[in-house]
Amino acid sequence: MPMNFEIIDTHCHMDMTELRSDFDGVLDRSMRAGITDFVIPGYVRSGWDRILEICIQKPYLHPCLGLHPAYLDKHRDEDIEELRELSSRELVAIGEIGLDFQKGRKCEREQQELFEQQLFIAEESRLPVLLHVRKGHDQVLATLRRKRFNNGGIVHGFNGSRQQADHYVKLGFKLGYGGTLTYDRARRIRKLAAELPLTSIVLETDAPDMSLAGRRGEINSPEYLPEILDTLVSLRPETKEEIAAQTTTNARLILGLDCAREI
Ligand SMILES: [Zn+2]
């Protein structure tokens, strides 16, 4: 039976070991569940080759390369130069990049510098960015404004305030919602996902991390994205078809994905 919706996982780490062992199985089940496209974000230099390799083989896997702020000790100075060179490949975005102050503000200067260098590469190569931000939204917003970054992108796993959400939207960003949404106790995040304009939301799993409610301890997978869609449907006034169609359009527009791809 054909699916009555098509959705996009805007953040899943298909290159990671947990998903590699059943790579084709995961993709097959995901596509049968209605997922048409998968965005594969980079986080350390050593993972980029694998990402490019799997994305070349399958046109519905979209590569995104970047140096993640939580892995500072893994990055070398020359990684930035390589990112600049690789940005001419068919990337859909630079990322995941940003600021992570989950464990305090140590290495703030290094994180900020790394973030700005990568924003510059995105600017130069006219690509959007995939942001990873923990406890640093105001600083990221201030940086985007100061650098006059106009390419937009996605704030992955958005967990900020309504005001911060509005600022991101004004700067051309979409907000990524994933597994956290499926937990009843995530009241603040659920309330925001219910109230934001639908044009500002995209879906993501962050697989293999971020297990869904009811699947704790399980390896997360893009095949569970419809459960995140269902949660959003339960929170919002629009129909499932409307939410699927709009979030898919949002993802296609912001990442420049082909709108009429036949799979
Ligand atoms: Zn991630």
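## Briefing: a zinc site, salt bridges and packed helices

C107 sits in the loop between β4 and α5. Phi of C107 is near 65 degrees, which is positive even though the residue is something other than glycine. Keep in mind that this is a predicted model. Beyond that loop, there's a zinc ion held by four protein donors, H11, H13, E96 and D206, and a search of the whole structure turns up 22 salt bridges. Here's the rundown by topic.

**Backbone oddities**

- Back to C107 for a moment: with a relative accessible area of 36%, C107 is partly exposed.
- R148 is another residue with positive phi that isn't a glycine, at about 50 degrees.
- You'll find R148 in the loop between α6 (137-146) and β6 (153-156), and R148 counts as exposed because its relative accessible area is 63%, past the 50% cut-off.
- A cis peptide bond connects G95 to E96, with omega at about 10 degrees.
- There's also a cis bond from A207 to P208, where omega is near 5 degrees.
- P208 belongs to the loop between β8 and α9.

**The zinc site**

- The zinc ion's protein donors are NE2 of H11, NE2 of H13, an OE atom of E96 and an OD atom of D206, at 2.2 to 2.7 Å from the metal.
- Along the chain, these donors are spaced as H-x1-H-x82-E-x109-D.
- E96 and D206 tie together distant parts of the chain: E96 is in strand β4 (residues 93-100), D206 is in the loop between β8 (201-203) and α9 (225-235), and the two are 110 residues apart.
- What's the geometry of the site? It's irregular, with angles of 84 to 169 degrees among the four donor atoms.
- The tetrahedral label is out because it needs all angles between 85 and 135 degrees, and the angles here run from 84 to 169 degrees.
- E96 is buried, at a relative accessible area of 3%, and D206 is buried too, at 10%.
- E96 does double duty here, being a zinc donor and also part of the cis peptide bond with G95.

**Salt bridges**

- As background, side chains of opposite charge can pair when their charged atoms come close.
- D37 pairs with R252 in a salt bridge whose closest N and O atoms are 3.2 Å apart.
- That pair spans distant parts of the chain, with D37 in strand β2 (residues 35-41), R252 in helix α10 (residues 240-255), and their positions 215 residues apart.
- Are the two partners, D37 and R252, buried or exposed? D37 and R252 are both buried.
- E78 and R76 also meet through their side chains, at 3.6 Å from N to O.
- Here the partners are partly exposed: E78 has 43% relative accessibility, and R76 has 42%.
- D166 bridges to R162, with the closest N and O atoms 3.0 Å apart.
- Where do D166 and R162 sit relative to each other? They're about one helical turn apart, because they lie four residues apart in helix α7 (residues 162-170).
- D166 is partly exposed at 32% relative accessibility, as is R162 at 34%.
- Elsewhere, salt bridges with shared partners join D22, R29 and E223 into one network.

**Helix packing**

- Two packed helices are described by the angle between their axes and the distance between the axes.
- Helix α3 (residues 45-57) and helix α4 (residues 77-86) have axes that come within 11 Å and cross at roughly 20 degrees.
- α3 and α4 therefore run roughly parallel to each other, since that label covers angles under 35 degrees.
- The crossing of α3 past α4 is left-handed.
- α4 also packs against helix α5 (residues 108-124), where the axes come within 10 Å and cross at roughly 15 degrees.
- So α4 and α5 are roughly parallel as well, but α4 passes α5 in a right-handed crossing.

**A buried glycine**

- G179 is in the loop between β7 (173-177) and α8 (187-195).
- Buried or exposed? G179 is buried, because its relative accessible area is 1%, and buried means under 20%.
- G179 and L212 are 33 residues apart in sequence, yet their C-alpha atoms are 4.8 Å apart in space.

Note on methods
Residues are numbered from 1 along each chain as its sequence is written. This is a predicted model: local features need pLDDT of at least 70, side-chain atom pairs count only at pLDDT 80 or more; totals for chains, interfaces and linings use all residues. Side-chain values use heavy atoms; hydrogens and water are left out. Donors are N, O and S atoms within 2.8 Å of the metal (3.2 Å for Na, K and Ca); water is not among the atoms, so sites may look incomplete. Four donors count as tetrahedral if all angles lie between 85 and 135 degrees; four count as square planar and six as octahedral if opposite donors are over 155 degrees apart and all others between 65 and 115; anything else is irregular. Buried means under 20% relative accessible area, exposed over 50%, partly exposed in between (1.4 Å probe, protein chains only). A salt bridge is a side-chain nitrogen of Lys or Arg within 4 Å of a carboxyl oxygen of Asp or Glu. Axes are lines fitted to C-alpha atoms, for helices over the stretch in contact, and angles run from 0 to 180 degrees between N-to-C directions. Angles under 35 degrees count as roughly parallel, over 145 as roughly antiparallel, 65 to 115 as roughly perpendicular and the rest as oblique. A crossing is left-handed if the near helix is turned anticlockwise from the far one by less than a right angle, and right-handed if clockwise.
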